[in-house]
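Got a few minutes to get to know a new structure? Have a look around first, and then we'll walk through it together.

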Amino acid sequence: MKKPVLIFSVILFLVNIYFLKGQQFVANYDESKVPSYRLPDPLKFENGGTVRNKKGWDRRREEIFKIFENEVYGVAPGWKGEIIASELSSDENALNGKAVRKEINLTLKNGNRELTMTMLLYMPKNSAGSPVFLGYNFYGNHTITSEPGIAVTKSWIRNNKDYGVFENRASEAGRGLSSGYWPVEMIVSEGYGVATIYYGDADPDYDDGFHNGVHGLYDQERDGTSWGTIAGWAWGLSRAMDYLVTLPSVDPGRVIVMGHSRLGKTALWAGAMDERFALVISNNSGCGGAALSKRAFGETVGSINRSFPHWFCGNFRKYNEKEELLPVDQHQLIALIAPRPVYVASAEEDQWADPRGEFLSCAGASPVYKLLTGETFPADDMPPLNSPVMSRIGYHIRTGGHAVTLYDWQQYLRFADMHLQKKERATF
Ligand code: GTR
């Protein structure tokens, strides 16, 4: 080959690679470009046999759970340690006398390693066995209400000038700034408690090679199946649960695990890992949460693994741009929660999280709920905006963007009332 031709060919080759790669990195928002895919059947064993009853489902559930552990979130270790709870503060007349508010340090001790998470707990006044919403917050306990008594977190936080976080330290400036996400007074007035922990207490949200946070409680050789950060956060919620079930003010059979976005992914995996959670809520959880991966719509497995290399297990990277090879999809994550009630919420402008993919996961989990409870998911197609559908699976897509809004909470309370308080609420 002549030299100029050779040079030209090499340049053409490089340009090709550049554009091909480029294409993979551009998110698809066009429904007509969703690849054709086949979802694994939650009611077919890996060997092809059919699940026919509850006993069969228990075995199938094991299979699906193991695949999620090994290929998606990683395997979280069992817990044989000790949790030491120490109360930091208590206010019997919080929220204008409606609630009892406590801050509790939960120190997890595993041999000579330890980690402390600070829980903020609001319970309705005179509560004896109330249901509770448990969920992490993004910016510290002091951000969820404006009440002055709540300590500003001392943990590492991603810098954010809007929240007054500089040099990875929170400040007074953040107080109450997340109260829109947490309408605590309304929730408590409806007879529910709220328990929340800053998510970075369980595991700081950056890639440090899994030394700090809950991973640091163990001395572990890591491989492709080792737990990532989402599994770590989910595991931390189970430790919070270990504590909640000891409180007389809390009904241990009615703890609801709830989360938004990355913490929505976490809530779903926590609900799958720990069957003590009575109800699970995923708000705008998207890729690796409620959205089907095989649709590759909005955020994809490749893009999430590149942006957040610490969230999932190493094996999940095998499916970057190869979603068709995934042996599970996220409808099976919803199915792992069955027969417990689960609510998935999407937002119209949150296309990155693939609302249709979140809806289709609910529909895909429906046969498992049908088998176990006789109830199906009552929607064949996506419901109109702001028109929730609720059976044991609840779903809505509301107007607006990626956030937790009052509207979302109103639906969660209605859904929780239906299933855990056994009272009907027409609508808010
Ligand atoms: C985005 C990420 C999403 C979602 C979100 C969040 O950057 O791509 O998967 O988790 O963050 O947690 O706010």
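What follows is a tour that starts with the ligand and then moves on to a helix, some charged pairs and a few backbone details.

A word on the ground rules first. This is a predicted model, so keep in mind that local features need a pLDDT of at least 70 and side-chain atom pairs count only at pLDDT 80 or more, while totals for chains, interfaces and linings use all residues. Residues are numbered from 1 along each chain as its sequence is written, and side-chain values use heavy atoms, with hydrogens and water left out.

Let's begin with the ligand. It sits in the largest pocket. Here a pocket is, on a 1 Å grid over the protein atoms alone, an open set of points with protein on both sides within 12 Å along at least five of seven lines, and a molecule sits in one if more than half of its atoms lie within 2 Å of its grid points. Who surrounds the ligand? The residues are Ser261, Arg262, Lys265, Glu299, Ile304, Phe308, Trp311, Trp352 and His402; to be near it, a residue needs a heavy atom within 4 Å. Some of these neighbours reach oxygen atoms of the ligand with polar side-chain atoms: for Ser261, an N or O atom in the side chain is 2.7 Å from a ligand oxygen, for Lys265 the distance is 2.8 Å, and for Glu299 it is 2.5 Å. On its own the ligand has 320 Å² of accessible area, and the protein covers 80% of that (areas come from the Shrake-Rupley method with a 1.4 Å probe).

Next stop: helix H11, residues 406-421. Helices (H or I, at least four residues) and strands (E, at least two) are DSSP runs, numbered from the N terminus. Twelve of the 16 residues in H11 are buried, so the helix is largely enclosed by the rest of the structure. Buried means under 20% relative accessible area, exposed means over 50%, and partly exposed is in between, using a 1.4 Å probe and protein chains only. Among the buried residues of H11 are Trp409, Tyr412, Phe415 and Leu420. Asp408 also lies in this helix, and its relative accessibility is 0%. What does the side chain of Asp408 touch? It makes a polar contact of 2.7 Å with the side chain of His396 and another, of 2.9 Å, with the side chain of Arg398. A polar contact is a pair of N or O atoms within 3.5 Å; within protein, one must be able to donate a hydrogen and the other to accept it, and residues adjacent in sequence count only if both atoms are side-chain atoms. Right after H11 comes Lys422, with a positive phi near 55°.

Now for the charges. Side chains of opposite charge can pair when their charged atoms come close. The structure holds 23 salt bridges, each being a side-chain nitrogen of Lys or Arg within 4 Å of a carboxyl oxygen of Asp or Glu. One of them joins Arg61 and Glu275, with the closest N and O atoms 3.8 Å apart. Arg61 is in helix H2 (residues 54-73) and Glu275 is in the loop between helix H7 (262-273) and strand E7 (279-283), so the pair ties together parts that are 214 residues apart in sequence. Arg61 is buried, at 10% relative accessible area.

Another salt bridge, at 3.5 Å from N to O, brings Lys102 and Glu87 together. That pair links strand E2 (residues 99-110), home of Lys102, to strand E1 (residues 82-93), home of Glu87. Glu87 is partly exposed, at 49%. Asn105 is also found in strand E2; it is buried at 18%, and its side chain has a 2.8 Å polar contact with that of Thr118. Elsewhere, Arg239, Asp242, Asp274 and Arg276 form a network of salt bridges.

Finally, some backbone details. A cis peptide bond, with omega about 5°, joins Ala338 and Pro339. Pro339 belongs to the loop between helix H9 (330-337) and strand E8 (342-347). In the loop between strand E4 (130-137) and helix H4 (184-189) you'll find Glu167, whose phi is positive, near 50°. Glu167 is exposed, at 70%. Asn168 lies in the loop between E4 and H4 too, and has a positive phi of about 60°, but Asn168 is partly exposed, at 22%.

Terms used:
1 Å grid on protein atoms, 1.4 Å probe; cavity = no way out; pocket = protein on both sides within 12 Å on 5 of 7 lines; lining within 4 Å.
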